[in-house]
Amino acid sequence: MRLIFIRHAEPDYEHNTLTRKGFREAELLAPRAAGWNASRYFTSPLNRAKLTAAPALSLLGKEAEIVPWIQEFSYMVKDPVTGRVGVPWDFMPAYWTEQEELHDRHHFYRHPVLSSNPAYEPAVIALRKGLDGILSGYGLTRCGDYYRHDPAVDCDVTLAFFAHLGANCEALGYLLGISPLVLQQTLYLAPTSVSVLNSEERIKGELMFRAQFIGDTSHLTSSGEPVSMMGSFSESILQETPRKKDTSL
């Protein structure tokens, strides 16, 4: 099984759409997504995710299943250091690194800062149940931090999710056995970046996911399209120059 998580293209939050650059990014993503040969496509109900998926779905002649539980985790909380009210990540390093409960992959959402918004915990549970509900259709049953696989059910499929930075980290953390809060503090997933998890069943009936890559933007860099910094606190990020093809042979 392959699970692919895509962050939406560069957003225009004010107008509930994508920027001009975002629409270019979605078009560049489309042929890559078409090559995945995914069995099913899922998208957040938010417009920026649906617009990102649209060029790929049009190219494929397919429709996506809309799943509300993978919409962005925009459940506002008060930052204990700055006092700023905002999304439940991007806390100050000296604070969150010392909060053991935020590192707890099972109970991070019970930390007082996160539980101050009563909508946060239900959203975490809904995402986990949503993922497990889909996986159960392919013979996978959650067992601690791994899955038991019914060998009578074929799970050799690819599933693609068009979602958001925070929500993708929630999903990745759950599937890899890492606190999503740690991923949200330490990963930058650029617009239209692609993260792929492959399943491994080294012991028959016991399945675990392993990341093939996280936050890949090669569909942009290979076409000379700059990677968007939307959502990054860095002053700059690595911008790769497209490699020239070797025509000497």
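Asn16 sits in the loop that links strand 2 (11–12) to strand 3 (17–18). In this predicted model, the phi angle of Asn16 comes out near 55 degrees, a positive value even though the residue is not a glycine. That's worth a second look, because most residues other than glycine have a negative phi. With a relative accessible area of 46%, Asn16 is partly exposed. Asp90 shows a positive phi too, of about 65 degrees, and is likewise not a glycine. Asp90 is also found in a loop, this one between strand 7 (85–86) and helix 3.

On to the helix pairs. Helix 1 (residues 20–34) and helix 2 (residues 47–60) have axes that come within 8 Å and cross at roughly 40 degrees. Angles under 35 degrees would count as roughly parallel, so this pair is called oblique instead. The crossing of helix 1 past helix 2 is right-handed. On the helix 1 side, the contact involves Phe23, Ala26, Glu27, Leu29, Ala30, Pro31, Ala33 and Ala34, and these meet Leu51, Thr52, Pro55, Ala56, Leu59 and Leu60 of helix 2. Sorted by type, the residues of this contact come to 12 nonpolar, one polar and one charged.

Helix 5 (residues 120–136) and helix 6 (residues 165–176) make another pair, with axes that come within 11 Å and cross at roughly 60 degrees. Helix 5 and helix 6 are therefore oblique to each other, and helix 5 passes helix 6 in a right-handed crossing. From helix 5, the residues in the contact are Tyr120, Val124, Leu127, Arg128, Leu131, Asp132 and Leu135, while helix 6 brings in Ala167, Glu170, Ala171, Tyr174 and Leu175. Here the split is nine nonpolar, no polar and three charged.

Helix 5 is also home to Gly130. This glycine has a relative accessibility of 13%, which means that Gly130 counts as buried. Its C-alpha atom lies 8.4 Å from that of Ile70, although the two residues are 60 places apart along the chain.

What about the nonpolar interior? In soluble globular proteins, nonpolar side chains tend to be buried together. The largest nonpolar core in this model holds 47 residues, and Met1, Leu3, Phe5, Phe161 and Phe209 have the most contacts inside it. Several elements give two or more residues to this core: strand 1 (2–7), helix 3 (93–96), helix 4 (112–115), helix 5, strand 10 (158–163), helix 6, helix 7 (180–186) and strand 12 (206–216). Take Phe5 as an example. Leaving out residues up to four places away in sequence, Phe5 touches Ile70, Leu131, Phe161, Asn168, Ala171, Leu172, Leu175, Ser193, Val194, Ser195 and Leu197. Another core, of 15 residues, lies apart from the largest one and includes Ile4, Ile6, Ala30 and Ala53.

Finally, there is Leu102, a loop residue that sits between helix 3 and helix 4. Being in a loop doesn't put Leu102 on the outside, since its relative accessible area is just 2% and Leu102 is buried. Once neighbours within four places in sequence are set aside, Leu102 is in contact with Phe91, Trp96, Phe108, His111, Leu114, Ser179, Leu181 and Val182. Pro180 is 78 residues away from Leu102 in sequence, yet their C-alpha atoms are 8.7 Å apart in space.

Methods: Residues are numbered from 1 along each chain as its sequence is written. This is a predicted model: local features need pLDDT of at least 70, side-chain atom pairs count only at pLDDT 80 or more; totals for chains, interfaces and linings use all residues. Side-chain values use heavy atoms; hydrogens and water are left out. Axes are lines fitted to C-alpha atoms, for helices over the stretch in contact, and angles run from 0 to 180 degrees between N-to-C directions. Helices (H or I, at least four residues) and strands (E, at least two) are DSSP runs, numbered from the N terminus. Angles under 35 degrees count as roughly parallel, over 145 as roughly antiparallel, 65 to 115 as roughly perpendicular and the rest as oblique. A crossing is left-handed if the near helix is turned anticlockwise from the far one by less than a right angle, and right-handed if clockwise. Contact means heavy atoms within 4.5 Å. Ala, Val, Leu, Ile, Met, Phe, Trp, Tyr, Cys and Pro count as nonpolar, Asp, Glu, Lys and Arg as charged, and the others, Gly among them, as polar. A nonpolar core is a set of buried Ala, Val, Leu, Ile, Met, Phe, Trp, Tyr and Cys residues joined through side-chain atoms within 4.5 Å. Buried means under 20% relative accessible area, exposed over 50%, partly exposed in between (1.4 Å probe, protein chains only).
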